[in-house]
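Got your viewer open? Then let's take a walk through this model, one selection at a time.

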Amino acid sequence: MPARLDPRAGRTGSSRTRSQAADASAEEGAAPAHRRTGRAATAATAARAVAGVLSVVLLAGSGWGWYLGQVAEATVNRTDAIPTDGNDGTGDAPEAVNLLLVGNDSRANLTDEQLASLNAGTDAGINTDTMILVHIPADGSRASFVSFPRDSYVAIPGYGMDKLNAAYAYGYAETPETASAEARQAGGAQLLVQTISGLTGLQIDHYAEVDLLGFFNLSSVVGGVEVNLCKAVDDSKWSGAVFPAGVQTISGAEALEFVRQRHGLPRGDFDRIVRQQVFIAGVLRKMLSDEVMLDLGRQRQLVEAASQSLTIDQGLDLFQLAEQMQSVTAGSIEFQTIPFVGTDRDERDRSIIRLEDEDTLHQFFAELSAEPEAPAAATPAAPKTVAPSAVTVDVYNGSGTSGLAAQAAGALETAGFAVGTTGNADSSDYDATLIRFAAGDEALAQTLAAAIPGAKTQKSQDADSGTVQLVLGSDFNAVGQAVDPAAPAAPAEGEDARTAADTGCIN
């Protein structure tokens with residue numbers, strides 16, 4: 001291997017430098033204390049981030065796949081992006097992966113010629129206008145990509161409510177100016193990870209950040225990406241995007257213009273997010289196609305172009321990630337945007353995006369990260385019960401229906417149960433009927449539950465040993481009858497859901 005690609009040679013520090021520009025942005029919505037161009041090129045970088053992380057999926061199980069992993073490892077940059085606190089979550093299997101992809105609009109390593117050819121402006125800011133959470137289950141059967149609008153109004157730890165794309169800049173700025181660019185970059189990444197973790201209720205396992213460097217080469221290496229526009233667009237004033245309607249293949253500067261455009265689109269930044277996702281999907285389809293799968297030279301070029309402009313956390317093993325994703329297909333790669341309410345104005349009269357409430361967001365990401373169900377186990381043994389005469393029941397009316405406790409108590413006595421006290425519950429708003437019992441009284445509770453099918457059982461410290469409490473809810477019908485089934489909770493849904501196999505037209 002050439003020395004620069006030989007993993008045995010080691011690397012002495014980062015191969016890239018980062019701009020420390022501190023000018024305030026002239027464009028509304030940009031992160032504080034840092035300047036950005038009016039043409040938000042950051043949107044494009046997510047595509048390269050995905051390719052950088054996923055390139056080594058190709059032939060991962062072979063010696064060639066291992067070699068590609070070493071090539072990537074020898075050129076990729078590392079940063080201390082995962083914080084030791086403020087990054088908590090539950091529900092994932094240990095082998096599942098939550099990876100945060102971040103697009104950074106740094107132009108520090110672009111030459112004047114590259115800046116001109118990509119129409120990328122001259123500023124080198126550190127704004128993170130592209131943020132995508134990728135979830136990969138333990139079995140590697142699918143990949144879920146969820147985009148976060150840059151103007152999402154969220155709680156940033158230590159800074160209160162602000163736009164999501166401010167989190168990285170706050171973390172970058174709070175790191176002492178005397179620190180290295182790499183240390184400040186790590187500070188920005190850690191605060192962004194903490195913000196996303198709190199927003200989603202998930203632990204972020206890994207981090208990948210990219211800038212504009214290498215975008216042109218990446219789209220050229222894969223031979224261009226096919227996109228499908230519903231209508232012709234002309235945004236020559238801003239992004240430079242001028243495209244006809246219909247299916248077309250784009251690469252290089254055209255690809256950058258495509259994913260940058262938001263002016264002139266019906267939904268502005270929301271449609272730009274869809275374009276990011278469509279471009280990523282196109283890159284992934286190309287990576288999984290025979291054009292790349294059967295071309296070893298192109299595979300290596302793709303890995304080199306991506307990894308040279310990629311910064312990842314210290315613990316991410318690219319080859320291990322590739323092995324986990326060997327069974328992923330275009331149809332099992334899902335894209336959507338975080339559930340949101342709509343646009344609004346904040347107290348500073350800035351345009352923001354209101355997201356759904358915390359419970360809805362946590363439910364959405366819990367469902368997203370739920371592991372596939374395991375094969376059904378053998379039918380468990382029926383729970384132990386006793387004779388009804390051995391069960392004493394205290395009956396409490398929480399349904400709001402007058403006289404229901406006395407009615408239920410009489411029916412229980414007819415069924416052979418012993419009734420203790422009756423009365424009203426602490427509230428008349430119980431929707432579900434509950435059977436509360438003390439530790440060790442499981443058999444008593446199961447006996448009563450058999451007489452009221454569907455009632456929920458609940459171990460409680462308030463229940464006296466040897467006595468079971470029956471709290472009647474509005475779903476209660478009668479002793480010997482099942483309670484009314486609860487209405488299924490409406491799933492929390494993301495916006496603009498699609499898969500990498502979807503080639504329908506977009507704005």
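Start at the hairpin of strand 3 and strand 4, where six residues sit between the strands and Gly 140 has a positive phi near 65 degrees. Strands here are DSSP runs of E with at least two residues, helices are runs of H or I with at least four, and both are numbered from the N terminus. A word on the ground rules: this is a predicted model, in which local features need pLDDT of at least 70 and side-chain atom pairs count only at pLDDT 80 or more, while totals for chains, interfaces and linings use all residues. Residues are numbered from 1 along each chain as its sequence is written, and side-chain values use heavy atoms, with hydrogens and water left out.

**Stop 1: strand 3 and its partners**

Select residues 130-136, which make up strand 3. Seven of the seven residues are buried, so the strand is largely enclosed by the rest of the structure. Buried means under 20% relative accessible area, exposed means over 50%, and partly exposed is in between (1.4 Å probe, protein chains only).

Now show the side chains. Which way do they point? Thr 130, Ile 132, Val 134 and Ile 136 go one way from strand 3, while Met 131, Leu 133 and His 135 go the other. That fits a broader pattern: in a regular strand the side chains alternate between the two faces of the sheet.

Add strand 2 (residues 97-103), which pairs with strand 3 in the antiparallel sense over seven bridges. Two strands pair if DSSP finds at least two bridges between them. Then add strand 4 (residues 143-148), which is antiparallel to strand 3 and joined to it by five bridges. His 135 is a handy landmark: Asn 98 stands opposite it, and so does Ser 144 in strand 4.

**Stop 2: a buried loop residue**

Jump to Met 325, in the loop between helix 11 (318-324) and strand 13 (333-337). Is Met 325 buried or exposed? At 3% relative accessibility, it counts as buried. Try the distance tool from Met 325 to Pro 137: they are 188 residues apart in sequence, yet 9.2 Å apart in space, C-alpha to C-alpha.

**Stop 3: two helix pairs**

Pick helix 5 (residues 181-200) and helix 12 (residues 358-368), whose axes come within 7 Å and cross at roughly 95 degrees. That makes helix 5 roughly perpendicular to helix 12. Axes are lines fitted to C-alpha atoms, for helices over the stretch in contact, and angles run from 0 to 180 degrees between N-to-C directions. Angles under 35 degrees count as roughly parallel, over 145 as roughly antiparallel, 65 to 115 as roughly perpendicular, and the rest as oblique.

Zoom in on Gly 198, Leu 199 and Thr 200 of helix 5, which meet Leu 361, His 362 and Phe 365 of helix 12. Contact means heavy atoms within 4.5 Å.

Next, select helix 7 (residues 252-260) and helix 8 (residues 269-287), with axes 7 Å apart and an angle of about 140 degrees. These two helices are therefore oblique to each other. From helix 7, the contact uses Ala 255, Phe 258, Val 259 and Arg 260, and from helix 8 it uses Arg 272, Arg 275, Gln 276 and Phe 279.

**Stop 4: a five-stranded sheet**

Where do five strands form an open sheet? Look for the order 17-16-20-18-19, with mixed pairing. Strand 17 (418-424) and strand 19 (456-459) stand at the edges with a single partner strand each, so one side of each has no neighbour in the sheet. From one strand to the next, the twist averages 20 degrees.

Strand 16 (residues 392-397) runs parallel to strand 17, joined by five bridges, and Thr 392 stands opposite Ala 418 there. Now add helix 13 (residues 404-414), which packs on the sheet and touches strand 16, strand 17 and strand 20 (467-472). Helix 14 (residues 442-451) packs on the sheet too, touching strand 16, strand 18 (434-437), strand 19 and strand 20.

**Stop 5: two odd phi angles**

Select Asp 349, in the loop between strand 14 (340-345) and strand 15 (351-355). Its phi is near 60 degrees, a positive value in a residue other than glycine. Then go to Asp 496 in strand 21 (residues 495-499), where phi is positive at about 55 degrees.

**Last stop: zoom out**

Show the whole protein chain, with its 14 helices and 21 strands. Of its 507 residues, 53% are buried.
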